Amino acid sequence: MTQENISADPADSLAGIDSKFVFDFQAYDDLDDGQRWTTWLAVEPLSRGPEPRPDWLVTSQGAIDTELGILKTGKEADAFLLVRADPLEPEHEAVMVAKRYRDTDHRTFHRAASYTEGRSVKRSRDERALKKNSTFGREVAKAEWANAEWNALVRCWELGLPVPYPVQIDGTEILMEWIAVDGRDGELETAPRLAQTRPERHVLEMWWDGLVDALATMVQAGLVHGDLSPYNILAQHDRLVIIDLPQVIDLVGNPMGFDFLLRDITNVAKWFQARGLEIDEQEVYADLMAHAF
């Protein structure tokens, strides 16, 4: 082919080619430390959040996850903030929480067996490894707790409960909605734990009513948080958001289900009582039982 036969206009070279085989190509820069390509399409469909999905969700295959720093160190997992955004769509980005479970050798707390009563392990090989506490068994245990929290988040979200939207699970990492509030400088910041707040009386009453409604919905669905306290409830303006759900149990299937429910009620009721609300936890417990049967 001679130089004269080469068209100067790239569009001319596409003449006669089916448009289905033509696309624009834009190169992305190399990633920096603390970045990775989005894992949204790398996980199975059932490992992605339920529909309808919120508008803030970023599902672009060209999106990049950038670590923003650690948010919270927990007993069995650490929570990090990361932002997912497509460099070619800078106006659309999502800040999320990445909760990453540690293996049993690096935890400061081991879940009591009473939480797992009534749960089943899918594969007998995994169940044997758990009992032996082998290296493989510890990996299974880490994945089991991550899966338990993922399933609880999805179930609670679908019930309309105030929990973070579950974005996706990838192995032992769960991405979920960042629960934020307006900060003093106008920037968003992580919502405070209930234990860190000093609400006025009318806010206190509104929060308590909303929390009891949430517990009633859970009980009606046969669920109990199992570890509820003012430290795993976030205060986001006029509502409370329940977090940390790996130990959610079956109210009836777990022999201690009703004991855990009473303990949950008592733990949060004491905090509200100390701030002036008159609450009878036994009466609340009885009312919730009416939703269970």
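**Exercise 1.** In this predicted model, break down the lining of the second largest pocket by residue class, and state where the pocket lies relative to domain 1 and domain 2.

*Solution.*
Step 1. Sort the lining residues: 16 are nonpolar, seven are polar and 11 are charged.
Step 2. Take the volume, which is about 730 Å³.
Step 3. Find the centre. The lining has 34 residues, and those closest to the centre of the pocket are Lys-72, Arg-193, Tyr-231, Ile-243 and Asp-244.
Step 4. List the elements that supply two or more lining residues: S2, strand S3 (77-85), strand S4 (93-101) and strand S6 (173-177).
Step 5. Assign domains. Residues of domain 1 (35-178) and of domain 2 (192-292) both occur in the lining, so the pocket lies between the two domains.

**Exercise 2.** Describe how S10 is paired with strand S11, and determine whether the faces of S10 are covered or open.

*Solution.*
Step 1. S10 and S11 (residues 239-242) run antiparallel and are joined by four bridges.
Step 2. Within this pairing, Ile-233 faces Ile-242 of S11.
Step 3. Check the faces of S10 (residues 233-236). Ile-233 and Ala-235 point to one side, Leu-234 and Gln-236 to the other, and all are buried, which leaves both faces covered.
Step 4. Look at the hairpin connection. Two residues separate the strands, and His-237 there has a positive phi near 60°.
Step 5. Classify His-237 by accessibility. Its relative accessible area is 47%, and because partly exposed covers the range between 20% and 50%, His-237 is partly exposed.

**Exercise 3.** Locate a second non-glycine residue with positive phi, Asp-244, and a cis peptide bond.

*Solution.*
Step 1. Asp-244 is not a glycine, yet its phi is positive, about 55°.
Step 2. Asp-244 sits in the loop between S11 and strand S12 (249-250), and is also among the residues closest to the centre of the second largest pocket.
Step 3. The bond from Glu-51 to Pro-52 is cis, with omega near 0°. Pro-52 belongs to the loop between S1 and S2.
Step 4. Glu-44 lies in the loop between strand S1 (35-37) and strand S2 (64-73). Glu-44 counts as exposed, because its relative accessibility is 58%.

**Exercise 4.** Characterise the largest nonpolar core and say which domains contribute to it.

*Solution.*
Step 1. The core contains 54 residues, and Trp-208, Leu-211, Leu-240, Leu-261, Phe-272 and Leu-288 have the most contacts inside it.
Step 2. Helix H3 (residues 201-220) is the biggest contributor, giving 10 residues.
Step 3. Domain 1 (35-178) and domain 2 (192-292) each supply at least three residues to this core.

Technical notes
Residues numbered from 1 in each chain as written. Predicted model: local features only at pLDDT ≥ 70, side-chain atom pairs only at ≥ 80, totals over all residues. Heavy atoms only, no water. Buried < 20%, exposed > 50% of the residue type's maximum accessible area, 1.4 Å probe, protein only. 1 Å grid on protein atoms, 1.4 Å probe; cavity = no way out; pocket = protein on both sides within 12 Å on 5 of 7 lines; lining within 4 Å. Points joined across faces, edges and corners; volume = space filled by probe spheres on them. Nonpolar A, V, L, I, M, F, W, Y, C, P; charged D, E, K, R; others polar. Domains from an automatic or database assignment. Pairing = 2+ DSSP bridges. Core = buried A, V, L, I, M, F, W, Y, C linked by side-chain atoms within 4.5 Å.
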